[in-house]
Amino acid sequence: MTEFAQYWFVPLNPWTWLELIHGVGLMLGSAQLYFWGLVFLPFARFHFPALLALAIRFFTPRNARSKNASTVCARMPLVSVLIAGRNERDTIHTTITSTLACGYEHLEIIVVDDCSDDDTLARARWFERTGRVRVFGSNDRNGKPSSLNIAIGMARGEYCFILDADSEVQYGAVHAMLACFDDQRVGAVTANVRVRNADNSIVTRLQELEYALNVTLARYLRSHANMLGIVAGAAGMFRTQALRDLRGFDTGLGDDTDMTIKLRKQGWGLVFSSEAVVWTNVPERWRALYRQRTRWERNMVKIRLRKHGDLLLPTRYGWTNALVALDIYVFRVALPLAYVLAFLRYFGTGAFYAPALITQTYWLAAFFLGLKLLISHEIFALPRYANFWLIPVMPMYRLSLRLVLLVAVLREGARIGLKHGYVPDKIWFQIRHW
């Protein structure tokens, strides 16, 4: 422990950084697999794109097409807002109210209550008096994908805006998403999901920083590269006919990931709209956060690696889709496993001096995370400066999440504990388990 304390503040010395840069330069000219596979590749994947995003923002117009000049917005098509939820009594009023006040008048709201145990259904029905809200109450629990399919069947709009029951739509968000459909190749638009309850705990503050990087900044860049891998289930707009041509969502599976891949396979373009801001609540405690991310990661294995593993075939779905799939295999499965194996090998043999390596790796991670957060704030004015003091905590936060997700990947890969509590039993025993 004394050695770690000794090295902890060494990186604050400018000469140490010069030595580190010199060492990296030497490794660039080497053929060490450790450096190229475990250091340079992740850096190129996760940090260099942030600089590219900044360049894109400065060298391209801020708005490729103003929503006021949008031909789709000009003709004011009907938008069906689909809200499926269960036991959302605390948030459903705010969700519906914010949608009605979002600035787009020609919309209908369809709420499907999935057999709630509380008074969610009654609170939603209160809005039917507006004439713009329709509510369907299920007498049995069917799960979110089935509830969304009911809503799709009820939808009359040309576009479907799927919204979580605990989200809040910012004024102008619907206009911003609709403007993206001027391009006839676009089949879906994902909104810029931001953390609404960021001030409630340290966990939510860290998630505000994480969302700025992994949701806003990452999706902004991936959208420009036509490699967007997810249309957020919390807030995404679709061409209604595209959803119906695909026969809606597959019951029992993660709704957003599965639908995104099916749209990509059909050749539809997917777009991220940074101006379409939707606020959502995130877990406020560590246990709830880890449970949420475990569920997401297990669905990733189930859907991306098992059900849609053929996306890797460039001759079938194109090179872009193959790269989207390969990115998942490499950076969410292979590299985390490689890091664990490298740790066991190198630290077990004493090939590296642990205090120096760990502290310098930590400071490098904190530096580049801080740089990316500054870039995100410059481009999108988020996250707030008030939470920048948590940057030194971010490397540990991300490491803890990565370890939890690695366990989830291994458990799902070994088919241990496949049954998820959020899938009703009657649905679980009827679906195919990929």
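Which residues form one aromatic cluster? Trp286, Tyr290 and Tyr397 do. The model is a predicted one, in which local features need pLDDT of at least 70 and side-chain atom pairs count only at pLDDT 80 or more, while totals for chains, interfaces and linings use all residues. Residues are numbered from 1 along each chain as its sequence is written, and side-chain values use heavy atoms, with hydrogens and water left out.

**Aromatic pairs**

Rings of Phe, Tyr and Trp (its six-membered ring) pair if their centres lie within 6.5 Å; planes under 30 degrees apart count as stacked, over 60 as edge-to-face and the rest as tilted. The whole structure holds eight aromatic pairs. Two of them are described here, beginning with Trp286 and Tyr397, a tilted pair with 6.1 Å centre to centre and 50° between the planes. Trp286 lies in helix 13 and Tyr397 in helix 17 (residues 394–413), so this pair ties together parts that are 111 residues apart in sequence. In the other, the ring centres of Tyr362 and Trp363 are 5.3 Å apart and the planes stand at 70°, so the pair is edge-to-face.

The table gives relative accessibility (buried means under 20% relative accessible area, exposed over 50%, partly exposed in between; 1.4 Å probe, protein chains only).

| Residue | Relative accessibility | Class |
|---|---|---|
| Trp286 | 36% | partly exposed |
| Tyr397 | 2% | buried |
| Tyr362 | 10% | buried |
| His308 | 5% | buried |

**The sheet**

Helices (H or I, at least four residues) and strands (E, at least two) are DSSP runs, numbered from the N terminus. Two strands pair if DSSP finds at least two bridges between them. Eight strands form an open sheet of mixed pairing, in the order 3-2-1-4-7-6-8-5. Strand 3 (133–137) and strand 5 (167–169) are at the edges with a single partner strand each, so one side of each has no neighbour in the sheet.

At one edge, strand 2 (residues 107–113) and strand 3 run parallel, joined by five bridges. Asp113 stands opposite Gly137 in strand 3. At the other edge, strand 5 pairs with strand 8 (residues 269–280) in the antiparallel sense over three bridges. There Ser167 stands opposite Thr280 in strand 8.

**A loop residue**

His308 is in the loop between helix 13 (286–307) and helix 14 (314–317). Not counting residues up to four places away in sequence, His308 touches Asp258, Ile261, Lys262, Lys265 and Ile303. Contact means heavy atoms within 4.5 Å.
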